[in-house]
Every structure is written in structure tokens, then in C-alpha cells.
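Got your viewer open? Load the model, keep the selection tool handy, and follow along stop by stop.

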Amino acid sequence: MKPPQRQFPSIRRWAVFALSALLSFAPAQAETVLIAVAANFASAANEIAADFTIDTGNDALITTGSTGKLYSQITQGAPFDILLAADTKTPDRLESEGFARPGSIFTYAIGKLTLWSPDPARIGPDPRAALADPDLRFIAIANPDLAPYGEAAREVLQGLGLWEDLQPRIVQGQNIGQTFALIQSGAADLGFVARTALDAPGADFKGSRWDVPDHLFAPLRQNAALLNHGADNPAATAFLAYLSGPKARATIRKFGYGLAE
């Protein structure tokens, strides 16, 4: 049985009030917010950032990477205002270590995991057959020590009893974007990717897939945090409010993520 997951509200009261002010008044002067974004959320974040700029006049600059890498950059002084992580642990850790503002953390998206191969015949109804295929050369996952999607992939393989047997065939991307590239390029025969990579608007990737049931891994709750560098930046507060609003939430759902209630 999985340990109970800590629950985070999707919309803070302060965010609701900030969003109301944001939509009611145009900014007197455009501001810029610097946002560190987990690689799996890059496409959705770019669309939300573009809408945010159009709707508010503020600029949102996106930097993407694995959550672990972004954590290292933040703790080493990178001037990010906001972190959109791929997990819950990293924002909590940043808050406990004094890098994120207390009370600012909330769940902005819930990730989904898919086993995918460009080969339309490789993955059938039973994924074990594809994973245990003696002709399988390599399987790609994100680095479990850096990327929450990699940690989830490891959990799935452990649950299927295949983790130890597959060790010689596992190749790792530093983030879920690199992992997808390993599979797409043919460097790996199949691998675990963020479902949004296959289902996002405009995506047209053929092949075979197995959408991993949610009960096989701990929920991929992706949390946002206001970092200390952004505490006095009105554009940072405005962006978090916007992220919690109906337009951004509709975009998040469009890209294949779940939403916290």
C-alpha cells in the first residue's frame, strides 16, 4: 500500500484575490518574471506564458530542465522567480531550506506516464511482453535521481518485477525531454515518457503505447513555488495567480495533465 500523499490546494486564497486584481487592472509598467520549468511541462508553460503576456502585458521568460537540475541552480543563486516542478518534494525542500516563500506552494498539474515505442508492433496489450522481449536492446527512462518521471518509471518496473532484469538495458535521459529524444531517435527501442508528449496539441507521433495505470506509481503531483527572488516582483505573483485561473487550467488540461480539485 502506498503511503498517503500530502494534499495541496490547487488555488490559494491569495491567488484568487491576486487574479481578480490582475484581470481588473492593466499594469502601470510591464514587468518580467523568470520561471524555472520542469522539462515535461515546457510546451504547456510556453503557451501559458504567451497568453499571460497578451492578457497582462508582463513578460514571462521560461527556462526548462530536470527538476533536480533546476533545484541545484536555484540553491546556487540562479535568479528565478518561480519554480514549476515535476514533483512535490523539491518545492517543499526549497521552502524548508529558505529558498521559497512559505505558503506559496500549490499543485498546478498532475502528470501521466506512458510506455511508448515508435514501432507500431512492439507494445501490445500486455506491456510485460515488450519489456521482457529478449530482442529488446535498450529501454529509456529519465534519471530517477533527478527527474520525478524517472522515479515513477522505476516504481512501475519494480512493481512489475522487471527492474533488476532490465538494468543492463536501461539508458537514462537527464530529463523527460531527453528521454523522449532517445526513443524518437531510435537510440532506445521504447521507454517511459510523459503522456503529454504524445497527446499535446499538434503532436503526431505514431507507434505503439501503454498508458500506465495511475495506481502503479505515486501520483505525479507537480507543484509550483514562489521563490525568494520573486517575492517582491509583482509579475511573479501575477503569474502564479494566472496559472491558477481558468484559462491556464484549460491549457493544462488540453496538454493531457490532470488537475487538482
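Start with the whole chain: of its 261 residues, 51% count as buried. Keep in mind that this is a predicted model. Color by secondary structure and you get 11 helices and 10 strands. Turn on the surface and the chain exposes about 11,800 Å², with carbon and sulfur atoms supplying 52% of that. If you like contact maps, take the contacts between residues at least 6 apart in sequence: 79% of them join residues at least 24 apart.

Next, select residues 89-96, which is helix H4. Which residues of H4 are buried? Show side chains for Thr 90, Pro 91 and Leu 94. These three sit on the same side of H4, because they cover an arc of only 100 degrees around the axis. As a reminder, an α-helix has 3.6 residues a turn, so residues three or four places apart point the same way.

Now add what the buried residues of H4 pack against: helix H3 (67-75), strand S3 (82-84) and strand S10 (220-226). Spin round to the face of H4 turned away from its buried side, and you'll find Lys 89 and Ser 96, both exposed. Before moving on, click Gly 98, which follows H4 and has a positive phi, near 90 degrees.

From S10, head for the loop between S10 and helix H10 (234-243) and pick Asn 233. Is Asn 233 buried or exposed? It is buried, with a relative accessible area of 11%. To see its contacts, leave out residues up to four places away in sequence: Asn 233 then touches Glu 31, Thr 32, Val 33 and Asp 81.

Methods: Residues are numbered from 1 along each chain as its sequence is written. This is a predicted model: local features need pLDDT of at least 70, side-chain atom pairs count only at pLDDT 80 or more; totals for chains, interfaces and linings use all residues. Side-chain values use heavy atoms; hydrogens and water are left out. Helices (H or I, at least four residues) and strands (E, at least two) are DSSP runs, numbered from the N terminus. Buried means under 20% relative accessible area, exposed over 50%, partly exposed in between (1.4 Å probe, protein chains only). Contact means heavy atoms within 4.5 Å. Accessible areas come from the Shrake-Rupley method with a 1.4 Å probe; for residues, only the protein chains shown count as cover. The arc is that of the directions from the helix axis to the C-beta atoms.
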